[in-house]
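Trainee: I am new to this structure and would like to look closely at a single part of it. Could you take me through the largest pocket, and then through what lies around it?

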Amino acid sequence: VPLGADAHGELSNKNECSFFIIGTADAIVKNERSFSEDPDDEEAGMPKVTEEYRSARRHEIAQAALRCFARNGFAATSMADIIAESGLSAGAIYGHYASKDELIELTASEILDARFLEVAEARTTQPLASPGEIVRLLVTGLMSHIVDVQLLVQVWGQVPINPGLKRMSSEIGDRVRTMFTDYLTDWHGQT
């Protein structure tokens, strides 16, 4: 009986998955479950993956990558190394990141976005934190995510030879410059 066929060998016009487990020549157990093609259909039987779950999985993958980069160096780390370090399947990794370069770009962006948010929140306090306190806030936040400071040096060393990292570092530089310019303007205005 073909997979997806009913007990008489007829293919169903429903969207069904049929699984057959053959124990002996006399026993066949059939288990059917229908799946809806509509992703919003609550009766589809498919688990809903929340954004929180996706974010946690991306963080887990990013941490595995950062450990590999710190241990082996950025250039010497392969996606296979990251997959092994994470303990996840290749499909789980590639479902979130298409390449090592994309992984480092999105990880850096996520880490820096959190730091920019912290600075934005610090700009709402009165009196404003001193410039030294803002730098401390940024460095402390970065160090809580970066496994080893050498990793920053390694990635920075790849910037001249990696077009994606070069573009990313330019964008980060522009964002940091704008953030500090805006902050220092506010800070100078209160003094």
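Mentor: What follows begins with the overall layout, turns to the pocket, and then moves on to the cores, the cavity and one buried tyrosine.

Please keep in mind throughout that this is a predicted model. The protein has seven helices and two strands, and when these are read along the sequence they follow the pattern β-β-α-α-α-α-α-α-α, with the strands leading and the helices following. Of the 191 residues in the protein, 28% are buried. Among contacts with a separation of 6 or more, 48% are between residues 24 or more positions apart.

With that layout in mind, we can turn to the part you asked about. The largest pocket holds about 410 Å³ of space, and its lining is made up of 19 residues, of which Ala108, Leu112, Leu152, Met168 and Ile172 lie nearest its centre. Three elements give two or more residues to this lining, namely α4 (100-122), α6 (149-158) and α7 (163-190), and the largest share, six residues, comes from α7. Sorted by class, the lining of the largest pocket has 16 nonpolar residues and three polar ones, while no charged residue is found there.

Helices that line the pocket appear again in the largest nonpolar core, which has 23 residues, and in which Ile61, Phe69, Ile82 and Leu165 touch the most other members. At least two residues of this core are supplied by each of α1 (51-72), α2 (79-86), α4, α6 and α7, and the largest share, six residues, is that of α1. Apart from this core lies another one, of nine residues, with Leu112, Val119, Ala129 and Met179 among them. Leu112 therefore deserves a second look, because this member of the core of nine residues, where membership is kept for buried residues, is also one of the residues nearest the centre of the largest pocket. Returning to Phe69 in the larger core, and leaving aside its neighbours within four places in sequence, we find that Phe69 is in contact with Phe74, Thr77, Ile82, Lys100, Ile104, Leu151 and Gln154.

The enclosed space can be set beside the open pocket. A search of the whole structure finds one cavity of 30 Å³ or more, and the largest cavity contains about 40 Å³ of space. Its lining consists of His59, Ala62, Gln63, Thr107, Glu110, Ile111 and His145, with α1 and α4 as the elements that give two or more residues. By class, this lining of the largest cavity divides into two nonpolar residues, four polar and one charged.

Two residues of that cavity lining, Ala62 and Thr107, lead us to Tyr97, which is placed in the loop between α3 (90-94) and α4. Beyond residues up to four places away in sequence, Tyr97 touches Arg58, Ile61, Ala62, Met79, Glu102, Leu103, Leu106 and Thr107. Tyr97 counts as buried because its relative accessibility is 2%, and the cut-off for a buried residue is under 20%. The side chain of Tyr97 also reaches the backbone oxygen of Arg58, at 3.3 Å. Finally, Tyr97 and Thr107 are ten residues apart along the chain, and their C-alpha atoms are separated by 10.0 Å.

Terms used. Residues are numbered from 1 along each chain as its sequence is written. This is a predicted model: local features need pLDDT of at least 70, side-chain atom pairs count only at pLDDT 80 or more; totals for chains, interfaces and linings use all residues. Side-chain values use heavy atoms; hydrogens and water are left out. On a 1 Å grid over the protein atoms alone, a cavity is a set of points where a 1.4 Å probe fits but cannot get out, and a pocket is an open set with protein on both sides within 12 Å along at least five of seven lines; lining residues have an atom within 4 Å of a point. Grid points are joined across faces, edges and corners, and a volume is the space filled by probe spheres set on the points. Helices (H or I, at least four residues) and strands (E, at least two) are DSSP runs, numbered from the N terminus. Ala, Val, Leu, Ile, Met, Phe, Trp, Tyr, Cys and Pro count as nonpolar, Asp, Glu, Lys and Arg as charged, and the others, Gly among them, as polar. Buried means under 20% relative accessible area, exposed over 50%, partly exposed in between (1.4 Å probe, protein chains only). Contact means heavy atoms within 4.5 Å. A polar contact is a pair of N or O atoms within 3.5 Å; within protein, one must be able to donate a hydrogen and the other to accept it, and residues adjacent in sequence count only if both atoms are side-chain atoms. A nonpolar core is a set of buried Ala, Val, Leu, Ile, Met, Phe, Trp, Tyr and Cys residues joined through side-chain atoms within 4.5 Å.
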